[in-house]
Amino acid sequence: MKQYTRGIRDGIPIALGYLSVSFTFGLMAVGEGLAWWEATLMSMTNLTSAGQFAALPLMAAGGAWFEMFLTQFVINLRYALMSLSLSQKVDASMSTAYRLILGFANTDEIFAVAMSNPHLVGRAYLFGLATMPFLGWSAGTLFGALMGQILPASVVSALGIAIYGMFLAIILPAAREKKPVRVVVAVAVSISCLFYYVPGLKNVSSGFVIILASVAASAAGAWLFPVKEVESGDQ
């Protein structure tokens, strides 16, 4: 119980950060035609901000299942790598069943906090760490969806811009410090602009644009700035 309580305490800052982002998601979901309970259920069963925001325009446009699958696969592929890394950090209390459950809640922030612990972490701590972010993400979506049905359309539209500010806040600090990040962002933006402005490419759906831009930008980053392998004798 002590470890679970410590996880709860460490997860509170994450939950507070999730509230504002999920509130925006709830607003946008209702704006795209989802009912308040559909938006809330979506957050309770996914817990992936980028994937959920990318899914909204596809759902509104009646995108194909295959398109949705590819979009979510590309956007959320990083979680597989993060889970592999986190699996080396857990102690013997994490059986296969608990690993599968925790895999659902392995977000970027939960992963970062868990990996920052100097020692191995157990299931009690990890489930405590995931509890508050899950509640924060779900509750924020619920509040945003309900407020989206009450607030004037102009206010809802203005609040919807907040998500773009969040993404900029994530990208800009890293782009200022690291040239590879600037190049990858520039490639992704250029590809997105091509599909938006070039007449022959404007008919491509937003889901496939996300897939193509993500894969192309990642490939360009790997080709232009490869990570050097460490030799076995290097320290």
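**Close-up views of a helical chain**

**View 1. Surroundings of Ser22 in helix α1.** The side chain of Ser22 lies 3.2 Å from the backbone oxygen of Leu19, a polar contact (N or O atoms within 3.5 Å, one able to donate a hydrogen and the other to accept it; residues adjacent in sequence count only if both atoms are side-chain atoms). The model is predicted: local features require pLDDT of at least 70 and side-chain atom pairs pLDDT 80 or more, while totals for chains, interfaces and linings use all residues. Residues are numbered from 1 along each chain as its sequence is written, and side-chain values use heavy atoms, with hydrogens and water left out. Helix α1, which holds Ser22, comprises residues 2-31; helices are DSSP runs (H or I, at least four residues), and strands are E runs of at least two, numbered from the N terminus. Ser22 counts as buried because its relative accessibility is 0%, buried being under 20% (1.4 Å probe, protein chains only). Beyond its neighbours within four places in sequence, Ser22 is in contact (heavy atoms within 4.5 Å) with Gly136, Trp137, Gly140 and Thr141.

**View 2. Surroundings of Val30 in helix α1.** Val30 has a relative accessibility of 16% and therefore counts as buried. Its C-alpha atom is separated by 5.7 Å from that of Ala145, although the two residues stand 115 residues apart along the chain. With residues up to four places away in sequence not counted, Val30 touches Gly148 and Gln149 as well as Ala145.

**View 3. Surroundings of Gln52 in helix α3.** With a relative accessible area of 1%, Gln52 is buried. When its neighbours within four places in sequence are left aside, the contacts of Gln52 are Phe25, Met42, Ser43, Asn46, Leu47 and Trp137.

**View 4. The crossing of helices α2 and α3.** The axes of α2 (residues 36-46) and α3 (residues 49-60) come within 12 Å and cross at roughly 135 degrees; axes are lines fitted to C-alpha atoms over the stretch in contact, with angles from 0 to 180 degrees between N-to-C directions. At this angle α2 is oblique to α3 (neither under 35, over 145, nor 65 to 115 degrees). The crossing is right-handed, the near helix being turned clockwise from the far one by less than a right angle. Met42, Ser43 and Asn46 of α2 meet Gln52, Ala55 and Met59 of α3. By class, three of these residues are nonpolar, three are polar and none is charged (Ala, Val, Leu, Ile, Met, Phe, Trp, Tyr, Cys and Pro are nonpolar; Asp, Glu, Lys and Arg are charged; the others, Gly among them, are polar).

**View 5. The crossing of helices α5 and α7.** Helix α5 spans residues 96-104 and helix α7 residues 123-148. Their axes come within 10 Å and cross at roughly 25 degrees, which makes α5 roughly parallel to α7 (under 35 degrees). This crossing is left-handed, with the near helix turned anticlockwise. Tyr98, Ile101, Leu102 and Phe104 of α5 form the contact with Arg123, Leu126, Phe127 and Phe134 of α7. Seven of the contact residues are nonpolar, none is polar and one is charged.

**View 6. The chain as a setting for the close-ups.** The chain contains eleven helices and zero strands. Of its 235 residues, 33% are buried. Where contacts join residues at least 6 apart in sequence, 78% are between residues at least 24 apart.

How values were computed. Buried means under 20% relative accessible area, exposed over 50%, partly exposed in between (1.4 Å probe, protein chains only).
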